[in-house]
Amino acid sequence: MGSAMPSDMHVHTTFSDGRLTPEEIVTAAKAAGLTYLAITDHDTVDGIRHLYENGLYPLKTLRLIPGIEFSCEEDEHDVHILGYDFDIYNQELADKVNELSESRWTRFSQMMARLQELGYSITEADVMQIAGSSRSIGRAHVARALVKKGLMPTVHDAFEKLLEHGCPAYIPHFRLQPAEAVALIRQAGGIPVLAHPKLVGDDELVSSLLTLDFGGLEVYYPQHDASDTVRYKALAERHALRLTGGSDFHALPHREPKELGVFTIDDALAEPFFHPPEALE
Ligand SMILES: [Zn+2]
Ligand SMILES: [Zn+2]
């Protein structure tokens, strides 16, 4: 969307499957001249807590909006739900996030066992090496380890041949129902936003999901073309939802955009989600 006053409401760090630490993301966002930045790691707020607890929470030229992205599932479609502007120390949210993280580790062990059964000589240590400081191990790390070990030509192949739904090394995981994620974000004082509706892959499902207590729709997204954007903007307006957007930046070589600040939204869209933590005001 590009504007003179750019913001980005969808960015991942090493606390999920991104490749830059929260500190590196903050530095890159400042260098890119962003006004508002939301860190939206998968199923965790530890990256934001990390900034807050180390006096690194940006509030001045760059303003941080607390975010999270829950991976949900509905009718075998991946449904991602973003939450913004909530209490990062909310107990119910923390409990649910811990539950998700524990099940992620169980799933990871099962995935590795399956790959070994299939004859891929890859160990948990190989994946841990790739995952580095990431606390939230996932298929993306496994895919990269498979490529690094020369067992798959590309990350894309690793997903397509082994790791995707219906593939031999796919392990189903515990996920929240969309309604559960929406309620969890609301009770933590936040605003639930349906992420990248095009990637849901079914506009009828998107419409029915929007009957939940959402506060926004991620209309601006790198994989939405001009007609998608127009369609989702109209849908958001029909449901009286705020328009949001973000780059879904991961700092991964195979994934667009490759830099922060390349895909941005207007500050005015992000501004209503910004409330500095009370202790820092
Ligand atoms: Zn997503
Ligand atoms: Zn994302």
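This section describes the domains, strands, cores and unusual backbone sites of a predicted model.

The protein is divided into two parts. Domain 1 covers 6-89 + 177-280, and domain 2 covers 97-163. Their centres, taken over C-alpha atoms, are separated by 25 Å. Contact between them takes 12 residues from domain 1 and 13 residues from domain 2. On the side of domain 1 that touches domain 2, 2 residues are nonpolar, 6 are polar and 4 are charged.

Strand β1 spans residues 6-11. The strand is mostly covered, with 6 of its 6 residues buried. Two partners of β1 can be described. Strand β8 (residues 265-266) pairs with β1 in the antiparallel sense, over 2 bridges. Within this pairing, S7 has I265 of β8 as its bridge partner. Strand β2 (residues 36-39) runs parallel to β1, and 2 bridges join the pair. Here D8 is bridged to L37 of β2. Helix α1 (residues 22-31) carries the chain across from β1 to β2, and this β-α-β crossover is right-handed.

Helix α2 occupies residues 46-53. Its buried residues are D46, G47, I48 and L51. An α-helix has 3.6 residues a turn, so residues three or four places apart point the same way. The cover over the buried residues of α2 includes α1, β2 and β3 (63-74). After α2 comes G55, with a positive phi near 70°.

The largest nonpolar core has 52 residues. Those touching the most other members are L37, I65, I81, A181, V193 and L217. Strand β3 gives the most to this core, namely 5 residues. L37 thus appears twice in this account, as the bridge partner of D8 and as a member of the core. A181 touches F70, C72, I81, L176 and P192, leaving aside residues up to four places away in sequence. A second core is separate and has 18 residues, among them F108, L115, M152 and L163.

D85 lies in the loop between β4 (77-84) and α3 (91-117). The residue counts as partly exposed because it has 18 C-beta neighbours inside 10 Å, and 20 would be needed for a buried residue. Beyond residues up to four places away in sequence, D85 touches I65, P66, G190, I191, F273 and H275. One of these contacts, I65, is also listed in the largest nonpolar core. S207 lies 122 residues from D85 in sequence. In space, the C-alpha to C-alpha separation of D85 and S207 is 24 Å.

Several backbone sites deserve separate mention. Most residues other than glycine have a negative phi, and most peptide bonds are trans. D75 is not a glycine, yet its phi is positive at about 50°. D75 is found in the loop between β3 and β4. With 10 C-beta neighbours inside 10 Å, D75 counts as exposed. A251 also has a positive phi, near 60°, and is a residue other than glycine. Its place is in the loop between β7 and β8. A251 counts as buried because 20 C-beta neighbours lie inside 10 Å. The loop between β7 (242-245) and β8 also holds P257. The peptide bond from E256 to P257 is cis, with omega near -15°.

Definitions and conventions: Residues numbered from 1 in each chain as written. Chains lettered and ligands numbered in written order. Predicted model: local features only at pLDDT ≥ 70, side-chain atom pairs only at ≥ 80, totals over all residues. Helix = DSSP H or I, 4+ residues; strand = E, 2+ residues; numbered from the N terminus. Buried ≥ 20, exposed ≤ 12 C-beta atoms within 10 Å, placed from the backbone. Contact = placed C-beta atoms within 7 Å. Pairing = 2+ DSSP bridges. Right-handed = clockwise from strand over helix to strand, strands pointing away. Domains from an automatic or database assignment. Nonpolar A, V, L, I, M, F, W, Y, C, P; charged D, E, K, R; others polar. Core = buried A, V, L, I, M, F, W, Y, C linked by C-beta atoms within 7 Å.
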